[in-house]
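The exercises below are to be worked with the sequence and the coordinates at hand. Each task is followed by a solution in steps.

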Amino acid sequence: MTSKRKICFILPHFFLEYSGGAEIQCYYLAQELLSRGWEVHYLRESDKTGTEVMDGIQVHALPRRKSYLKWMNAAALRAKMQEIKADVWYNRATVSYLHLVTRFARQTGGQVAFAFSRDSQFSYQEHRDNYARAYMKVFATVDLFMFFRALRQADHILVQTLKQQELLRSRLQLSGTHIYNAHPLEEAQSPAPARQPHILWIARIKTFKHPEYFIEIARRLRETPYQFFLIGKLEDTQLRGVLETAAEELPHLHIMGGLTSEEVHEALSQARILVNTSDFEGFSNTFIEAWLRGVPVASLRVDPDGMISREGLGLIEPDLDKVSAAIQHLMEDNARWEQLSGTCESFARNHFDIRRAADRLEATLIP
C-alpha cells in the first residue's frame, strides 16, 4: 500500500469486552491490519461514551440497544461514520445495521463489506425463531427484509465456508468471497504440557448448542477414567437446572463456566478431544483453536465444508451411543490419536493462519 488506509469494524460487541466468535475474528483481523499500517476503528454498542484506544484500535461507542431496536441507533451511527470517514466499513455479526451502513456510506464514502457469521443469517424463519414474542418477530422480519435489500448494495460479501457461498448463490442469487476464519499461529507455539484424559465442550451455553448431549456422552462413559469439562457462559437460563443436576450426578463432569481465552487455550493444550454438539455453526473458532493444538474434534452434526471427515480432523457421528463408543475407542488407541493429532495441527497451520486471511481480505478490498 502506498498510503495509510482506514477500516472500521461494526459489531454489537468488542472482543476485549465480550469474547464471541465474530468478535474474536474481527479482533485478530484488526491486529493483523494494524501491523500492516492500516488505521483501525471499531464501532460497538456500550454504556460508555467517547472513544477509547484498546490494543491500538480506536473503539467508538453507540448506544446499547436490544437486538430488534438497533435501528434506533441510526442518528448515532451516521454521526460516527461522518466522524471516522473510513475507506472500508466492515459489518459483521448483526444484520440490523447493514441497511443503515450502506445508506450512510453513500454520504461519507468508503466501501461496505458484510461478513456472514452463521448459516442461520440466510433464513427468515431461523432469524424469527430467535425471538419469543410476536411483536419481536415482526421487528425481526422487517429487519431481515431490509438486510437482504441492503446486501445487494454492499460492495463485498464475505462468507466463512463454501457452504455459505452456495447458500448465498442459491437463496439470494448473489456471489461472495470465501475467507475462512483464522488465528495467529504464535498463540499455539508455546511448548504443550502433558496431555491429560480430558474431553472438552466449549461454547456459549445456548439451547441450539445442546450441552445436554455432551452430558449424555459423559453419562455413557461414567465408568471410564476420563474427565469431562463443560466450558462456557450460561446464556439460556432454562438450561441451568440441567447443568446443576448433571454436576451432582456425575463427579467426572466439571461445569467450568466462562473462561478467558488464555484459560481455554491452556485447557485445550492439555486435552485429547473436543466435542461439538451444536445444531449449526458458522465456522467454529474452537475447532481451529483445538486443531492448532493437535486436538481432534468429535462432532455430532457440524462438519465445516466436510473437513473433519475428508481431512481426518476427528470424527462425525450423530448417534449418541455410537459417538460415545468412538470417543472411547480413540481415547484408548494412543497411536491413532497421535496420528490424528499431528494431522489436525499440520492442517490448521497450513489453512487457518490469520496472515493468509488478511492477505485475502486486502486482495478483495484493495483494487
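**Exercise 1. Helix α9 and the strands beneath**

Task: Determine which strands helix α9 lies across, and at what angle the helix runs to β9.

Solution. The model is a predicted one. Step 1: helix α9 covers residues 261-270. Step 2: the helix lies across β9 (198-202) and β10 (227-231). Step 3: the angle between α9 and β9 is about 145°.

**Exercise 2. The sheet of six strands**

Task: Give the strand order of the open sheet of 6 strands and name the edge strands.

Solution. Step 1: the order reads β11-β10-β9-β12-β13-β14, and the pairing is parallel. Step 2: β11 (253-257) and β14 (314-316) each pair on one side only, which makes them the edge strands. Step 3: from one strand to the next, the twist averages 20°.

**Exercise 3. Strand β12 and its partners**

Task: Describe how β12 pairs with β9 and with β13, and decide whether the faces of β12 are covered or open.

Solution. Step 1: β9 and β12 are joined in parallel by 2 bridges, with I199 opposite I273 of β12. Step 2: β12 (residues 273-276) also pairs in parallel with β13 (residues 297-299), here over 3 bridges. V275 has A298 as its bridge partner in β13. Step 3: on one side of β12 lie I273 and V275, on the other L274 and N276; all of these are buried, and both faces are covered. Step 4: going from β12 to β13, the chain passes through helix α10 (residues 285-292) in a right-handed β-α-β crossover.

**Exercise 4. Strand β2 between two partners**

Task: Find the strands that pair with β2, and explain why β2 is called largely enclosed.

Solution. Step 1: β1 (residues 6-10) runs parallel to β2 and is joined to it by 5 bridges. I10 faces L43 of β2 in this pairing. Step 2: β4 (residues 57-62) also pairs with β2 in the parallel sense, over 5 bridges, and R44 stands opposite A61 in β4. Step 3: a residue is buried if its relative accessible area is under 20%. In β2 (residues 39-45), 6 of the 7 residues are buried, so the strand is largely enclosed by the rest of the structure. Step 4: together with helix α1 (residues 21-35), β1 and β2 form a β-α-β unit that is right-handed.

**Exercise 5. Two polar side chains in helices**

Task: Classify K80 and T364 as buried or exposed, and list their contacts outside the local sequence.

Solution. Step 1: K80 is part of helix α2 (residues 74-84). Its relative accessibility is 14%, so K80 counts as buried. Step 2: with neighbours within four places in sequence set aside, K80 is in contact with L43, T51, H60, A61 and L62. Step 3: T364 belongs to helix α14 (residues 354-365). Its relative accessibility is 19%, so T364 is buried too. Step 4: H156, L158 and T177 touch T364 when residues up to four places away in sequence are not counted. Step 5: the T364 side chain also reaches the backbone oxygen of R360, at 2.9 Å.

**Exercise 6. Aromatic pairs**

Task: State how many aromatic pairs the whole structure holds, and classify the pair of F14 and Y42 and that of F114 and F116.

Solution. Step 1: the search over the whole structure gives 18 aromatic pairs. Step 2: planes over 60 degrees apart count as edge-to-face. For F14 and Y42 the ring centres are 4.7 Å apart and the planes stand at 75°, so this pair is edge-to-face. Step 3: F14 sits in the loop between β1 and α1, whereas Y42 is in strand β2, so the pair ties together parts that lie 28 residues apart in sequence. Both F14 and Y42 are buried. Step 4: F114 and F116 are also edge-to-face, at 5.1 Å centre to centre and 85° between the planes. F114 is buried, with a relative accessible area of 0%, and F116 is buried with 1%. Step 5: ring pairs link F9, F14, F15, Y27, Y28, Y42 and Y90 into a cluster.

Note on methods
Residues are numbered from 1 along each chain as its sequence is written. This is a predicted model: local features need pLDDT of at least 70, side-chain atom pairs count only at pLDDT 80 or more; totals for chains, interfaces and linings use all residues. Side-chain values use heavy atoms; hydrogens and water are left out. Buried means under 20% relative accessible area, exposed over 50%, partly exposed in between (1.4 Å probe, protein chains only). Helices (H or I, at least four residues) and strands (E, at least two) are DSSP runs, numbered from the N terminus. Two strands pair if DSSP finds at least two bridges between them. A crossover is right-handed if, with the strands pointing away from the viewer, the path from the first strand over the helix to the second runs clockwise. Contact means heavy atoms within 4.5 Å. A polar contact is a pair of N or O atoms within 3.5 Å; within protein, one must be able to donate a hydrogen and the other to accept it, and residues adjacent in sequence count only if both atoms are side-chain atoms. Axes are lines fitted to C-alpha atoms, for helices over the stretch in contact, and angles run from 0 to 180 degrees between N-to-C directions. Rings of Phe, Tyr and Trp (its six-membered ring) pair if their centres lie within 6.5 Å; planes under 30 degrees apart count as stacked, over 60 as edge-to-face and the rest as tilted.
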